Amino acid sequence: MQLTLNSPMDMHLHLRDHEMLKTVAPLSAHPFAAAIIMPNLVPPVTTLQMVEEYKARILEATADETFEPLMTLFFKADYDYAFLERAREHISAIKLYPAGITTNSQDGVSSIDSEQLAPVLTAMSDLGIPLLVHGETDGFVMDREKEFVPVYETLATRFPELKIVMEHITTKESVEALKRYDNLYATITLHHLLITLDDVAGGLLNPHLFCKPIAKRPEDKAALLDVALSAHPKVMFGSDSAPHPQHAKESCGCAAGVFTAPIALQALAQLFEAHDKLDNLQPFISDNAQRIYGITPPEKEVILIKEPFTVPEKYGSVIPMFAGETLPWRIADVS
Ligand code: DOR
Ligand code: ZN
């Protein structure tokens, strides 16, 4: 049995920098044609020079592959119109983080007051720059995303022409909000389609499945599966593959992030096949994102076949999801 995917894209990816970039970037650049690159470096990517220099380092690390890094800026409320107009040529989107909500987000916005953010959001709307949002409040950890829905609603209503992507949604409330507002879209990760909080903390604690937003309840997972497996036109695959070295995960003060880049397509094939929805993987993995972002990725054909793939225990210092386990699909060819 064989499956061909055309120009798969990962619409939410952390590639980091330096040695980690060299380790992880080729693992995405091989199977994926393009990816939206998150800007939460230390310090965050806030200038066009930083965007271009980071892009050059990514292209250098992925020189052997056909791969387009779609760059983003880290949202700052003081970007002016002239800057954003110039930025448009260099970036695909701007990512907004509430301050301190996740890894390297200390410089994010301290209050998501839509009037305070209005100048930047109006400019982005005029210039057609999508807004990507890490949508969590600082409330109780299981309720953070649900509590953020009114913020999405305010933003969607106040800026009706602004494309707003609810990143890595994990709750049924987010799925409902997505359907209610024309200008809301969403990325969904692999891991949130597969796990609930039980997999993280229901038995022995599994630090490799600890991420932000934390995996939620079975009914939330079911709502995500419903829109992903049907390739709802407003959802896209975004892995949120977020590598951290083993010592940072297996420690007191475990870093948030699941590393899925090297196993994402294989595990998605398994999931979509199990639900008899393999035909919907192409729109979920590329076509929807092409339409939503208005982009055409480089041509790349990925052939998966139903043969066992034993996931390596480690890539450099990073433990992937399903380390040491055998998945039923493997990547046979990329051209
Ligand atoms: O689990 C996460 N890891 N969630 C995020 O939002 C950030 C990411 C990271 O950069 O490690
Ligand atoms: Zn992320």
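This is a walk through a predicted model, from its N-terminal strand to a pair of helices further along the chain.

Let us begin at Gln2, which belongs to strand 1, residues 2–6. Is Gln2 buried or exposed? With a relative accessible area of 53%, Gln2 is exposed, since the cut-off for that label is over 50%. Even so, Gln2 has partners from far along the sequence: setting aside neighbours within four places, Gln2 is in contact with Ile303, Leu304, Ile305 and Trp329. The C-alpha atom of Gln2 also lies 9.1 Å from that of Ala332, although 330 residues separate the two along the chain.

Next comes helix 1, which you will find at residues 18–29. Its 12 residues should span 16 Å at 1.5 Å a residue, and the end C-alpha atoms are indeed 16 Å apart, so the two values agree. The buried residues here are Met20, Leu21, Val24, Ala25, Ser28 and Ala29. Looking down the axis of helix 1, you would see these buried residues fall within an arc of 135 degrees, so they line one face of the helix. On the other side of helix 1, Glu19 and Lys22 are exposed. As for what the buried face meets, the buried residues of helix 1 pack against strand 2 (9–13) and helix 2.

Before we reach helix 2, pause in the loop between strand 3 and helix 2, where Pro43 is found. The peptide bond from Val42 to Pro43 is cis, with omega near -5 degrees. That is worth a second look, because most peptide bonds are trans.

Helix 2 itself covers residues 48–61, 14 residues in total, and reaches 20 Å from its first C-alpha to its last, close to the 20 Å expected at 1.5 Å a residue. Which residues of helix 2 are buried? They are Leu48, Val51, Tyr54 and Ile58. Viewed down the axis of helix 2, they fall within an arc of 130 degrees and so line one face of the helix. The face turned away from that buried side carries the exposed residues Gln49 and Glu60. The buried residues of helix 2 pack against helix 1, just visited, and also against strand 3 (34–37), strand 4 (68–70), strand 5 (72–74) and helix 3 (81–87).

Moving further along the chain, we come to His168, in the loop between strand 8 and helix 6. The phi of His168 is near 35 degrees, a positive value in a residue other than glycine. Such a value stands out because most residues other than glycine have a negative phi. His168 is buried, with a relative accessible area of 2%.

Helix 6 has Ser174, Val175, Ala177 and Leu178 as its buried residues. Down the axis of helix 6, these residues fall within an arc of 165 degrees, so they line one face of the helix. Their cover includes helix 5 (144–158), strand 8 (164–166), strand 9 (184–188), helix 9 and strand 10 (235–237).

The pairing of helix 6 with helix 9 deserves a closer view. The axes of helix 6 (residues 172–180) and helix 9 (residues 218–229) come within 8 Å and cross at roughly 35 degrees. From helix 6, Lys172, Glu173, Val175 and Lys179 meet Glu219, Asp220, Ala223, Leu224, Asp226 and Val227 of helix 9. By class, this contact has four nonpolar, no polar and six charged residues.

Helix 9 also has backbone features in the loops on either side. In the loop between helix 8 (197–202) and helix 9 sits Pro213, and the peptide bond from Lys212 to Pro213 is cis, with omega near -5 degrees. In the loop between helix 9 and strand 10 you will find Ala231. Ala231 has a positive phi of about 50 degrees although it is not a glycine, and at 9% relative accessibility Ala231 counts as buried.

Our last stop is the packing of helix 11 (residues 264–274) with helix 12 (residues 281–293), whose axes are 9 Å apart at an angle of about 135 degrees. The two helices are therefore oblique to each other. Helix 11 brings Leu265, Leu268, Ala269 and Phe272 to the contact, and helix 12 brings Leu281, Phe284 and Ile285. What classes of residue make up the contact of helix 11 with helix 12? Seven are nonpolar, with no polar and no charged residues.

How values were computed:
Residues are numbered from 1 along each chain as its sequence is written. Chains are lettered from A and ligands numbered from 1 in the order in which they are written. This is a predicted model: local features need pLDDT of at least 70, side-chain atom pairs count only at pLDDT 80 or more; totals for chains, interfaces and linings use all residues. Side-chain values use heavy atoms; hydrogens and water are left out. Axes are lines fitted to C-alpha atoms, for helices over the stretch in contact, and angles run from 0 to 180 degrees between N-to-C directions. Helices (H or I, at least four residues) and strands (E, at least two) are DSSP runs, numbered from the N terminus. Angles under 35 degrees count as roughly parallel, over 145 as roughly antiparallel, 65 to 115 as roughly perpendicular and the rest as oblique. Contact means heavy atoms within 4.5 Å. Ala, Val, Leu, Ile, Met, Phe, Trp, Tyr, Cys and Pro count as nonpolar, Asp, Glu, Lys and Arg as charged, and the others, Gly among them, as polar. The expected span of a helix is 1.5 Å times one less than its number of residues. Buried means under 20% relative accessible area, exposed over 50%, partly exposed in between (1.4 Å probe, protein chains only). The arc is that of the directions from the helix axis to the C-beta atoms.
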